[in-house]
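Please open the model in your viewer and keep the sequence panel visible beside it. The tour proceeds by selections, each followed by a description of what is found there.

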Amino acid sequence: MPIRSGVARRNFLCLRDASRDREHARRGTAGNPFPAGHLPGRIRAMAPPAEREPVTGFEDGASPRRFGWQTLMEWAAIVVATALWLLLARRLLDGGGMSASALWLTAAGTVAGYLAGDLLSGVVHWFCDTFFEEDTPLIGRVLILPFREHHRDPLAMTRHGFAEIAGNSCLALAPVLAVVALLPAPGAARPWWLAVYAGLLVFTAVAVVTNQLHKWAHMPAVPALVERMQRTGLILQPLRHAAHHRTQAEAYCVATGWLNAPLDRIGFFPRLERALVAVGLPMSETAPRWTPPQARPRRNGYTS
Ligand SMILES: [Zn+2]
Ligand SMILES: [Zn+2]
């Protein structure tokens, strides 16, 4: 029977793809679920419309040109952020001790930081997929373009070096770490600072490695330890992330992916999207539009 409704067809495609995922999982298929040219249907909506002027600074029309000063700045940010992170980690170790309450506070902060890192990855990703354009002044080139490029060519990031992968995150987080370094260190007089310190350290670590975790999810082969972490769900699983590239309407979190299922179930991003559109934020011309809200796929690759 032909499927005429666009909503029904999208749901049908999602469920069909989810069942393919389960088949891969059942057979234990390893490797890259993102072969070249794998992007069907909706994802083509991310390509710039023909009438738009191409963003300047591209070497070959596909990848933004890199400058020497960018790499230098990225490495400087990585060194500074790492030094500050190690300073704060040392303070945490010195101020924590081995008491039960100190360990509990540190553990609570660690879990909260891990979840917050995943949430940040989803919010930034969703925002850059949904709002503004690649040629928007200030944020277009540095923030929006990499996400749009990733949907045009998901494997491009697998060719990026470490500085390009982690540099921008360090650039954004170094000032935060610097401010915290100026505040009092955790200790007996400030036990709650243990949770704050632990949370901040884990959060910044996850934020810095998010692009690397995302990159691993796209690579055809990864080190054995990384593959084990992916299989156990400790970090982003390639098959789970594939759901995002199929529909571009779910699974935005790209660090651990732990929050994807709960956020998608409560419609977190569609609600946020409607709220920001209501206050006048310009949706991208190329972002898929899921209105009315019930047009969002109700089921996804997390269903069993
Ligand atoms: Zn995306
Ligand atoms: Zn991706």
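Begin by selecting Leu138, which counts as exposed because only 8 C-beta neighbours lie inside 10 Å, where 12 or fewer is the limit for that class. Leu138 belongs to the loop between α3 and α4. Although Leu138 is not a glycine, its phi is positive, at about 70 degrees. Most residues other than glycine have a negative phi. Please note that the model is a predicted one.

Remain in this loop and select Phe132, which is also placed between α3 and α4. Phe132 is not a glycine either, and its phi is positive at about 65 degrees. Is Phe132 buried or exposed? Phe132 counts as buried, because 20 C-beta neighbours lie inside 10 Å and 20 or more is the requirement for a buried residue.

**The whole chain**

Now zoom out and colour by secondary structure. The chain contains 10 helices and 0 strands, and its pattern along the sequence reads α-α-α-α-α-α-α-α-α-α. Of its 304 residues, 34% count as buried. Among the contacts with a separation of 6 or more, 76% are between residues 24 or more positions apart.

**The helices on either side of the loop**

Select α3 (100-130) and α4 (139-152) together. These helices pack at an angle of about 85 degrees, and their axes are 9 Å apart. An angle from 65 to 115 degrees counts as roughly perpendicular, and α3 and α4 are therefore roughly perpendicular to each other. Display the side chains of His125, Cys128 and Asp129 in α3, and those of Leu143, Ile144 and Phe147 in α4, which make the contact. By class, this contact of α3 with α4 has 4 nonpolar, 1 polar and 1 charged residues.

**From α3 to α6**

Keep α3 and add α6 (192-218) to the selection. The angle between α3 and α6 is about 35 degrees, with the axes 7 Å apart. The crossing of α3 past α6 is right-handed. The contact of α3 with α6 comprises 19 nonpolar, 8 polar and 1 charged residues.

Two distances can be drawn here. Select Val111, in helix α3, and join its C-alpha atom to that of Ala195: the two residues are 84 residues apart along the chain, and the atoms are separated by 9.7 Å. Val111 counts as partly exposed because it has 13 C-beta neighbours inside 10 Å.

For the second distance, select Leu201, in helix α6. The C-alpha atoms of Leu201 and Gly109 are 9.0 Å apart, with the two positions 92 residues apart along the chain. Leu201 counts as buried because 22 C-beta neighbours lie inside 10 Å. Apart from neighbours within four places in sequence, Leu201 is in contact with Trp85, Leu88, Ala89, Leu92 and Gly113.

**The largest nonpolar core**

Which residues touch the most other members of the largest nonpolar core? Select Ala81, Leu88, Leu177, Tyr197 and Leu201, which hold that position among its 47 residues. At least two core residues come from each of α2, α3, α4, α5, α6 and α8. Helix α6 gives the most, with 15 residues.

Centre the view on Ala81. Not counting residues up to four places away in sequence, Ala81 touches Cys170, Leu173, Ala174, Leu177 and Val208.

**The α5 and α6 pair**

Select α5 (162-182) with α6. These two helices pack at an angle of about 175 degrees, with their axes 9 Å apart. That makes α5 roughly antiparallel to α6, because angles over 145 degrees are placed in this class. On the α5 side, show Ile165, Ala166, Ser169, Cys170, Leu173, Leu177 and Val180; they meet Leu200, Thr204, Ala207, Val208, Thr210, Asn211, Gln212 and Lys215 in α6. The residues of this contact of α5 with α6 divide into 9 nonpolar, 5 polar and 1 charged.

**A last stop**

Finally, select Leu155, in the loop between α4 and α5. Leu155 is partly exposed because 16 other C-beta atoms lie within 10 Å. Draw the C-alpha to C-alpha distance from Leu155 to Pro220: it is 9.5 Å in space, for residues 65 residues apart in sequence.

Definitions and conventions. Residues numbered from 1 in each chain as written. Chains lettered and ligands numbered in written order. Predicted model: local features only at pLDDT ≥ 70, side-chain atom pairs only at ≥ 80, totals over all residues. Core = buried A, V, L, I, M, F, W, Y, C linked by C-beta atoms within 7 Å. Helix = DSSP H or I, 4+ residues; strand = E, 2+ residues; numbered from the N terminus. Contact = placed C-beta atoms within 7 Å. Axes fitted to C-alpha atoms, helices over the stretch in contact; angles between N-to-C directions. Parallel < 35°, antiparallel > 145°, perpendicular 65-115°, else oblique. Nonpolar A, V, L, I, M, F, W, Y, C, P; charged D, E, K, R; others polar. Left-handed = near helix turned anticlockwise from the far one by under 90°.
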